[in-house]
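Okay, everyone, let's get going. I'll put the sequence and the structure up, and then we'll walk through them together.

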Amino acid sequence: MTSTAGPTLRYVQNTSDGTRHAILIDPADQTPEMAAKRCVAAVSAGSKMVLVGGSTGTDMKNVHNTVVAIREALELVRWASTQDSGSYEDSWTAPIVLFPAGAAALSSAADGITFMMLMNSTSTRFLIDEQFEGAPFIRQAGVETLPMGYIVCAPGGRVGKVGEATLIEKGDEDRVSAYAMTAQAYGFQLLYLEAGSGAATPVDAGLIAAAREACNLTLIVGGGIRDGAAAKRAAAAGADWVITGNLTESFDDADELQEVLKDFIGEMNS
Ligand code: 1GP
């Protein structure tokens, strides 16, 4: 069987528009309705992808209900935009991609899944066991897999602890480079540098630049990015995607969130 990149992977790998923003929705932190409202606000502000996942408190039910609610809401606004000659349907293209903590938090309704190895974990659970558990469901559901190396950098937060990671510290460019080379050699297509959700400091720019230099994978950076200036620093260091979770979840009002993200994305690309 030959394998070619599916539509979601091709979309994620397309870097012709510079650095793009994605929001991370944690189904354990909000109702599906609130998640859908936040996603509509984010996509209308210019976010280009929705990641769904979280390190704790997610299960098949809340993940699936959240993905379905987001899909329905985005489809509705996409349809509405086709009725309005002044707007462009394409601007509503934002795939919904699972970013799972493990095999117990999946959904058949997603466009894709970051099929990842937590490369600097010391636990076989995050290196291969959860993937082994989840693969039959993913194959059966026909969800497109996006092969990804996932590396937790300091401070690491909850995912660093739960994932039993030996964190990559600021200044350890050699180590992050070697992981980036390893990810490419494995045939992964994406590389995610994570500082941990809610991290006091985001991934160090020197580490991002070293990973960028060491591989040609699509580079995703997240954790502790709270404003456009931090996003701009990640973009300048080589990030293809910047992810925000907490920032999005701190707004319940959709109009306010849309304004904040519009400014955020504008500054990131300035
Ligand atoms: C966590 O990188 C993401 O996996 C997002 O982090 O919640 O700090 O934005 P924040």
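So, helix 4, residues 124-141, lies across strand 4 and strand 5. Its direction runs at about 155° to strand 4. Bear in mind that this is a predicted model, so please read everything I say with that attached.

Now the two strands under that helix. How many bridges join strand 4 to strand 5? Seven, and the two strands run parallel. If you want one pair to click on, take Met116, whose bridge partner in strand 5 is Met148.

Helix 3, residues 60-82, packs on the sheet as well. What does helix 3 touch? Strand 1 (20-25), strand 2 (49-52) and strand 3. Against strand 2, the direction of helix 3 makes about 165°.

Okay, zoom out to the sheet. It's a closed barrel of eight strands, and the order is simply 1-2-3-4-5-6-7-8, with parallel pairing. On average, neighbouring strands in this sheet are turned by 30° against each other, ignoring direction.

Let me go round to strand 7, residues 218-222. Is strand 7 mostly covered or mostly open? Mostly covered: five of its five residues are buried. In a regular strand, side chains alternate between the two faces of the sheet. Here, Thr218, Ile220 and Gly222 point one way, Leu219 and Val221 point the other way, and all of them are buried. On the strand 6 side, five bridges join strand 6 to strand 7, again running parallel. Leu191 stands opposite Leu219 there.

Next, the aromatics. The structure holds five aromatic pairs. Take Phe99 and Tyr150: the ring centres are 5.6 Å apart and the planes sit at 85°, so we call the pair edge-to-face. Phe99 is in the loop between strand 3 and strand 4, while Tyr150 is in strand 5, residues 144-152, so this pair ties together parts that are 51 residues apart in sequence. Phe99 and Tyr150 are both buried.

Tyr150 has another partner, Tyr192, and that pair is edge-to-face too, at 5.2 Å centre to centre with 80° between the planes. Tyr192 belongs to strand 6, residues 190-194, which puts it 42 residues from Tyr150, so again distant parts of the chain are linked. Tyr150 and Tyr192 are both buried. Put the three together and you have one aromatic cluster: Phe99, Tyr150 and Tyr192.

One more ring before I move on. Arg20 lies over the face of Tyr11, at 4.9 Å from the ring centre.

Back to the loop between strand 3 and strand 4, because Ala104 is in there too. Is Ala104 buried or exposed? Exposed, with a relative accessible area of 53%, and the cut-off for that word is over 50%. Even so, leaving aside neighbours within four places in sequence, Ala104 is in contact with Thr58, Asp59 and Met60. Its C-alpha atom is also 7.6 Å from that of Gly134, which is 30 residues away along the chain.

Cysteines, since somebody always asks. How many disulfides does the structure hold? Zero. Why is there no bond for Cys215? The closest cysteine sulfur, in Cys153, is 13 Å from the sulfur of Cys215, and a disulfide needs the two within 2.5 Å, so that's too far. As for accessibility, Cys215 counts as buried at 7%, and Cys39 is buried with a relative accessible area of 0%.

Last stop, a couple of backbone oddities. Most residues other than glycine have a negative phi, and most peptide bonds are trans. Which peptide bond here is cis? The one from Ala154 to Pro155, with omega near 5°. Pro155 sits in the loop between strand 5 and helix 5 (157-162).

Then on the far side of helix 5 in the chain there's Glu164, in the loop between helix 5 and helix 6 (173-186). Phi of Glu164 is near 50°, so a positive value in a residue other than glycine. Glu164 is partly exposed, with a relative accessible area of 42%.

That's my tour. Over to you for comments.

Key:
Residues numbered from 1 in each chain as written. Predicted model: local features only at pLDDT ≥ 70, side-chain atom pairs only at ≥ 80, totals over all residues. Heavy atoms only, no water. Buried < 20%, exposed > 50% of the residue type's maximum accessible area, 1.4 Å probe, protein only. Helix = DSSP H or I, 4+ residues; strand = E, 2+ residues; numbered from the N terminus. Contact = heavy atoms within 4.5 Å. Phe/Tyr/Trp six-rings, centres within 6.5 Å; stacked < 30°, edge-to-face > 60°. Lys NZ or Arg CZ within 6 Å of the ring centre and 35° of its normal. Pairing = 2+ DSSP bridges. Axes fitted to C-alpha atoms, helices over the stretch in contact; angles between N-to-C directions.
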